[in-house]
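Trainee: I should like to work through the salt bridges of this protein chain. Could we begin with a single residue and proceed from there?

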Amino acid sequence: LLTRLGLPALKSETTVSSQPLSEELQIFILEANENFDRIEGILLELDRVANAANSVNQLFRSIHTIKGNCGFLGLTSLESFCHRAESILDALRSGRG
């Protein structure tokens with residue numbers, strides 16, 4: 001999903017300022033990639049499913065997981081993005097969107 005959006009893929013072996021990433025950040029990257037793959041699959045299937053509400057709930061859970069992990073790691077920009085995405089999905093779930 002990230003590369004389709006023109007963003008670099010998250011890689012757990014990346015270094016920051018010549019320092020290896022912490023174990024927590026490496027785990028976050030692996031889990032975030034799994035969630036982004038899940039999100040991509042749900043979005044690609046969304047127009048073909050009979051129960052869109054279930055798909056929106058699955059999207060919300062994946063975004064919520066990423067947001068929570070971002071908060072734990074202090075990744076405020078991505079956390080803010082996920083919060084906005086949650087708000088959109090919550091509006092869809094409650095019929096406001």
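Mentor: Certainly. The model is a predicted one, and Lys67 has its place in helix 2, residues 52-73.

Trainee: Is Lys67 buried or exposed?

Mentor: Buried means under 20% relative accessible area. The relative accessibility of Lys67 is 17%, so this residue counts as buried.

Trainee: Which residue forms a salt bridge with Lys67?

Mentor: Leaving aside residues up to four places away in sequence, Lys67 touches Glu79, Cys82, His83 and Glu86. A salt bridge requires a side-chain nitrogen of Lys or Arg within 4 Å of a carboxyl oxygen of Asp or Glu. At 2.7 Å, N to O, the side chain that meets Lys67 in a salt bridge is that of Glu86.

Trainee: Which helix holds Glu86, the partner of Lys67?

Mentor: The pair links distant parts of the chain, 19 residues apart. Glu86 counts as buried because its relative accessibility is 6%. Lys67 is in helix 2, whereas Glu86 lies in residues 76-93, helix 3.

Trainee: What separates Asp90 and Arg93 along helix 3?

Mentor: Their side chains meet in a salt bridge of 3.5 Å, N to O. Asp90 is partly exposed at 31% relative accessibility, and Arg93 is partly exposed at 38%. Because they are three residues apart in helix 3, their separation is about one helical turn.

Trainee: Which residues are joined into one network by salt bridges that share partners?

Mentor: One salt bridge joins the side chains of Arg48 and Asp47 at 3.8 Å, N to O. Through shared partners, the network comprises Glu45, Asp47 and Arg48.

Technical notes
Residues are numbered from 1 along each chain as its sequence is written. This is a predicted model: local features need pLDDT of at least 70, side-chain atom pairs count only at pLDDT 80 or more; totals for chains, interfaces and linings use all residues. Side-chain values use heavy atoms; hydrogens and water are left out. Helices (H or I, at least four residues) and strands (E, at least two) are DSSP runs, numbered from the N terminus. Buried means under 20% relative accessible area, exposed over 50%, partly exposed in between (1.4 Å probe, protein chains only). Contact means heavy atoms within 4.5 Å.
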